Every structure is written in C-alpha cells, then in structure tokens.
Amino acid sequence: MSELYLRVALPTPLRRLFDYRALADIPVSAWQPGVRVKVPFGSREVVGVVLHTTDTTEVPVSKLRTITELIDEKPLLPPSVMQLISWTSQYYQHSLGDTFSRALPVLLRQGEPAVAQKKLFYTAATDAQLDDVRVKNAPRQRQALQAVLQHKRGLAHEQLSSLELQKSSIDALLEKGLLHKEWRSVHQPPSNLPVLAQMPLALNAEQKVAFDSISQQLGRFKVFLLAGVTGSGKTEVYLHLIEQVLNKKQQVLVLIPEINLGPQTFSRFQQRFNVRVALLHSEVNDRERLNAWLAARDGQAEIVIGTRSALFTPFKNLGLIIIDEEHDASYKQQEALRYHARDLALVRARQADIPVVLGSATPSLESLHNANSGRYALLRLNTRAGTAKLPQFKRLDVRSLPLDSGISMPLQKAIERTLAAGQQVLVFLNRRGFSPVLLCNDCGWMGKCRDCDARLTLHQRYNELRCHHCGHVEKRPLACPGCESLQLHPVGEGTERAEERLQILFAQVPILRIDRDTTARKGALDAMLNTVNQGKPCILLGTQMLAKGHHFPRVTLVAILNADGGLFSADFRSSERMAQLILQVAGRAGRAQDPGEVIIQSHLADHPLLVQLTEQGYFAFAEQALSERRAAGLPPYSYMALLRAEAVSSIQVDNFLQDALALSEQLLAHYQLQQLECLGPVAAPMERRAGRYRAQLLFIAHKRKDLQQLLHALCFNLELLPSARQARWSVDVDPIDLF
DNA sequence: AGCACGCCGACT
DNA sequence: GTCGGCGTGCTC
C-alpha cells in the first residue's frame, strides 16, 4: 500500500501548495478537505488547511516532512466558503494559503480550536431573597444579589465591573448558597419568540415597490441596486426584507463600511428582531469575533453585521446579502490580498443562489453601469422619508472673492444667518492640520518630507511639521532652513486653521472640530457628538469623518470649503469620489423638518460636472461621467490591473518592472491577446514614499478573461524572476486607486 | 513573508 | 576577539 500524503495550503505568499506525510496513527477518513493542521515549515511551525489527500507527490521524498498535529475533527469551513476562498485567490492572483489565512478569524488562523468560549454566569438560588438575614449586614453583597435577581437568565461574570460589583461579594454569596455559578455556552437556545420584537415602520410607496421587487426574488440569485437619496429610508427596506428571510428560517449577511457605525446599526437591528445579531467589526475583539463567526456557521446567529472581511463568514443557511453604502471604498482591501467585498458578495450570492441588495445614495459608476445594462435591477427611492426635504445647492465662485482662512464673505454671512436662526452649521474641509504648506517668502523654500515626495503639513497646535504619508514629524523651524529669513508663512488651509478663524468670527457658539487629530482620544468623538445632539447652535467642522453616517437633525447649512481637489486630479476616479463625498456631506443637512442649504466654494464653480451634480443631481452627473469613461476606454468599459513595485533603490524597481514588461509582452504574443494593453513602467504619482521608490505597470483589457489569463501566467513567472527578489511587488486586480 | 546562514565593520 | 549589519536563499 502506498503512503498517504496531504496537500496543504499554508500562510505564505508563495503561490503553491505543500505536500506532507500524514500522521500514521490517524485514520485516513480524518483528513477531510478543510481541516486545519499544524506543520513544520522551514524552521517554524505554521497552521495550514488541508485541501485533499493524495498518494502521489512530485516532491522528492527526502524533502517531505510529517504533519505535526491535526487540529479539527470536522472541516472548519463548508465547501461553499472553501470555493469562495479559492475563487478569490485565483481572481486576485494571491497565494491560496494566504487567502485562507486572511479569510479566517485571527484565533483560527493561529490554530485555536473552533469552539465557542463558555462564559461564567451567576444565577440566584431559588430561595434567595433580598431580605435574607445572611446579607442583612452586608450592603455590597445585598447590592450584588439584587443585580443577580434582576437578571432572570443569569448575570455574566464579565458584567460585574460595568455594574460596579466586586468579585469578593459574589464569592461570599456563592459561599452562603444564595448564588450558583454556571459555565454556559454563549450561544443562546433557539427561541420560540416571534421574529419581530418591535412593530416595523410603515413603508412609503417607493419603499414598498423596492421591498416587493426584492422579496419576490428571495431564493434565487439576483442583484438589486437600491439607489435611495440620503434619508430615504433604505435601512427600513432592509429591515422589512430581513424579516421575510428570518421567517423562512434563513440567515442574513449585512456588510457595512469601515466607519464607526457598527454599534449603531447593531442596536437598530437587535431592537427590531428577537434573533441573535452578531457583529464582526473592528471594535470587536478576537475572541468575540470567533464566537460570532462560529454562531453564524452553526446557524445560531441569524443576522451578521460586519465590515469587508465578514464576507468570508460561513453560514448554515444564508438567504440574503445586503451591502450598505456599496460605493464605499473601504470595501476594497488596500494591501496584501486586494479583494473587493462587494464584488465577491456577488460571487457568493450566485453560488448560494440568493439575492444581493446593493444600497447607496450615490452608487458607484460600476454598479450604475450594470444597472443600465440590465444586469442589476435598479430600484430608486427619490423622496426623503417623513417630511424632510432635500437640500438646495449653491455654488460660490471664489475666484473673485477674497478668502480669509478659506472662508468667503457670503459664506460667513450664511453661517451668521443660520446660527441666528438657532440652527447648526456643518463645515467640511477634507484636510487636517493648519496648512498644507509652509513657505519661505524670501527664497521659496517649502517644508518637504525627508522620506516622501510630499510637502509637510503644519500642525500649529503641536508646533510641528508632519508628513501625512509616512510617520515623519519634525519641529517647526523658526527661520527658513534655506536662507534664514523669518518670512516663513503657512499657505492654504486645513481644519485647524479654519477652526481658528471660525472661533474669531463666531466666538459665541461652540466650534467642534472633528478630524483624526481631535478624535484620537477615546470618547472624544462621542463627547462632541453629544454636544451636537443637544441641538443648540454650533459649528461642526471636520474632514471625511463627518461625511458618513451621522444624523445631525439640527444642521441646516452645510459648507464645503474647497471642492476643487476632485476636479483636476490625475486619478480618473477622482470626480466620482468628489461627487459622492459632496452628496454624502450634503446629506447631513436638513434631515429633520427644516430644509437644508449646501454652499460649495470652488475655483471651478462652473465646471460642467459640478454644475450637473448640483443642478440635476447625482444620476445626471453619473451619466455624464460614464460617457466620458466610455469615450476614454476606462472602467467600467474596460478592466484594469496594476503591478506595483517598490524598493529602497529606484534601480531595483526599474530592473524588476523592465523584466515584468518583457515577460508580459512575451505572454501577450504567446496567448495572442490583442485587446490588452500594457502601459508603463511609470513612476507612482508619489514616487518616493516612506523612503522607498515606487513604480508600476498598468494593464487595460477589453475582456476580463484575457486579463486573468495574462496575470495568472505573469505572476507564476514573476515569482521565479531573480529581479523580483530585489523589489517588493504586488498585483492589484480592479484597482480603485492608481497609486 | 519569515527565518537562518554567512560574511564584513565598530565595540565590550 | 564577538555582536550585529543586511544580502541571499529556502520553505513540502
């Protein structure tokens, strides 16, 4: 009888699998595809996933080593998720083993057993009473007993500190027999409660149409693009759909962007339904993530809400996927395995034969294109729920207007009016710090980063110059390092400078600056949001952080200080992103009964895209932008991939990319791929960053299949290239940033 | 990606 | 004398 070998996927960037000898004392039937193993790998021990068994191997027998340990009794993942991971690995040209590793919760990746942690609970003894003589003279114990009595299903040990109870009081009560302790699985038994915990809100006519169209398609693959203006009640449509799916005893996956909306969304969903809602979000720790993952896999969590990586969660019986804010860039992972969770959600839904709902007020051009071509069903919600009206836009051409710290006189007047009317103002400026440049008026010297091709941003509060692209920080020079002149002046404005100016202009109201610098401290953001929620006149000033998700019912004026960045940037997606950002920020205004006004300051106030966006709305803008993309042969009318490379010396980068180019051309000829262009090598828009030189090769194809064929062969060969060891390189399929 | 091995410079 | 710098090569 021949020996048994296992083909294992290991967490390494190498695009191949590794064969091992099976452990002799373990039955053959135990090595099922999808079980994890510990194996020796070089000088260390790593956790891998068994793909299949085999009795032949290409590897010389002398090189074969033996599995150290079998971790799982049953396959960790259902075949559907195994397939999804394998598809992802191929499509994004990433090592299968590393894809597996990144698709798993951290603890499983590290080899922890796949079992839900049990938690310690305290329950009151049947005869326990608060007036028991045994606690008469022990106020703290009485307090603890009262808390436990209030929690009919038991008080979890981890709740003690938040209830300000001492472990010693609990121990005393256990000793006296007034409490019992119990290790309980955090999984709750299936409840007989009705699915709904709360009456749903009534849907308006548009919502009803959207709901009906989708609910008719439950149980088969279909993509819906739910394009609803901000405040139109997309979430209510989701909740109605989820109710349907839960009634069919199926589960729902809801993906949300990587902003701080996890807990908010979680509580809204949890309030509505008597089912277990699991959260897979950055603020959830590794242990809880594992618990949530297992609960979804075993069918004990009916709803999973999570960011990008939650897409790989296994489900027992998935019935619907919802991608909220589908246009959001955080769905695309920007390092290592560069996958797009929205695109993979479609793959997953097709495989499970279930519908996907893509929701957004400002859909991506890709999705709109798919809706136009009939591949997705477009459902629009054009009216705001309740009495709220959409805001009015006003473009302010600042070429002829003097600006003081970025604020023009008409804007200042508008802010004054709004505050005087007892309302709130939101000022949006997508730039942190005091000023983006520190310039010497005498010799033209500018603060530049030592490690990047970038200017240093002045942070006045810390008296520092900082690089926003790497971690570099230096002290603000007193005199010009070039000519020793004292004429060093900040040029341009960031939020810090706008804050200073607004404080002078509107000393009577609070100015709340919300950006990465002011919210770094835990709780700082919540404190500021609380002030806003009190509803008194104030000015909210901030970056992107302000644009997404939050409700500011008392804000009736939104000011966008500088909308120019998106209109003349090199990246072909910048106008799309600008439009989405403007509408997202604008969507914060007038969400309650008061109508909102949006003032956009720009040097290009009559730019056609800006005019179209503000006068005819996002859809008109998108049509225009799409026709420009079509004319230029850009996505979604073509498919792109980027080969990025970086190294300490620019020569190493050049050598590698020249080799890659030669290889690509050979492969193009070999496969006879004519409708595939290879552009470059060119330096990245910021050539030097964090001390490394960066350049890239861009591939543009008419057909996805051609691109895939080329990339597959290219990656295989690049891995063997000597020059590839001198440079760090990666492939980005469907890049959303071209740098 | 890690990690070990290996061959040259400034230190107890 | 050796501690450690990072070039080079390998991982079943």
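This briefing covers one helix and its packing, the surroundings of a DNA strand, and several aromatic contacts. The model is predicted. Helix 10 comprises residues 341-352, and its end C-alpha atoms are 16 Å apart. DNA strand B is surrounded by P13, S43 and R44. The aromatic pairs number 6, and one of them joins F18 and F41 edge-to-face.

**Helix 10**

- Helix 10 has 12 residues, which at 1.5 Å a residue should span 16 Å; the distance of 16 Å between its end C-alpha atoms therefore agrees with the expected value.
- The buried residues of this helix are A341, R342, L344, A345, L346, V347, R348 and A349.
- Two helices serve as packing partners for these buried residues, namely helix 1 (79-91) and helix 11 (365-372).
- The buried residues also pack against strand 10 (222-228), strand 11 (251-255), strand 14 (318-324) and strand 15 (355-360).
- D353, just after helix 10, adopts a positive phi of about 55°.

**DNA strand B**

- The residues around DNA strand B are P13, S43 and R44.
- Sugar or phosphate accounts for 62% of the strand B atoms within 4 Å of the protein, and bases account for the rest.
- S43 places a polar side-chain atom 3.0 Å from a sugar or linking oxygen of DNA strand B.

**Aromatic pairs**

- The count of aromatic pairs comes to 6.
- In the edge-to-face pair of F18 and F41, the ring centres are 5.0 Å apart and the planes form an angle of 75°.
- Because F18 belongs to strand 2 (residues 18-21) and F41 to strand 3 (residues 36-41), this pair ties together parts that are 23 residues apart in sequence.
- F18 has a relative accessibility of 17% and so counts as buried, the limit being under 20%.
- F41 likewise counts as buried, with a relative accessibility of 15%.
- Y91 and Y92 form an edge-to-face pair, with 4.9 Å centre to centre and 85° between the planes.
- Y91 is buried at a relative accessible area of 9%, and Y92 is buried at 3% relative accessibility.
- W87, Y91 and Y92 are linked by ring pairs into a cluster.

**Charge over a ring**

- R380 has its charged end over the ring of F619, at 3.5 Å from the ring centre.

Terms used:
Residues numbered from 1 in each chain as written. Chains lettered and ligands numbered in written order. Predicted model: local features only at pLDDT ≥ 70, side-chain atom pairs only at ≥ 80, totals over all residues. Heavy atoms only, no water. Helix = DSSP H or I, 4+ residues; strand = E, 2+ residues; numbered from the N terminus. Expected span 1.5 Å × (residues − 1). Buried < 20%, exposed > 50% of the residue type's maximum accessible area, 1.4 Å probe, protein only. Contact = heavy atoms within 4.5 Å. Near = heavy atom within 4 Å. Polar contact = N/O pair within 3.5 Å; in protein donor to acceptor, adjacent residues only side chain to side chain. Phe/Tyr/Trp six-rings, centres within 6.5 Å; stacked < 30°, edge-to-face > 60°. Lys NZ or Arg CZ within 6 Å of the ring centre and 35° of its normal.
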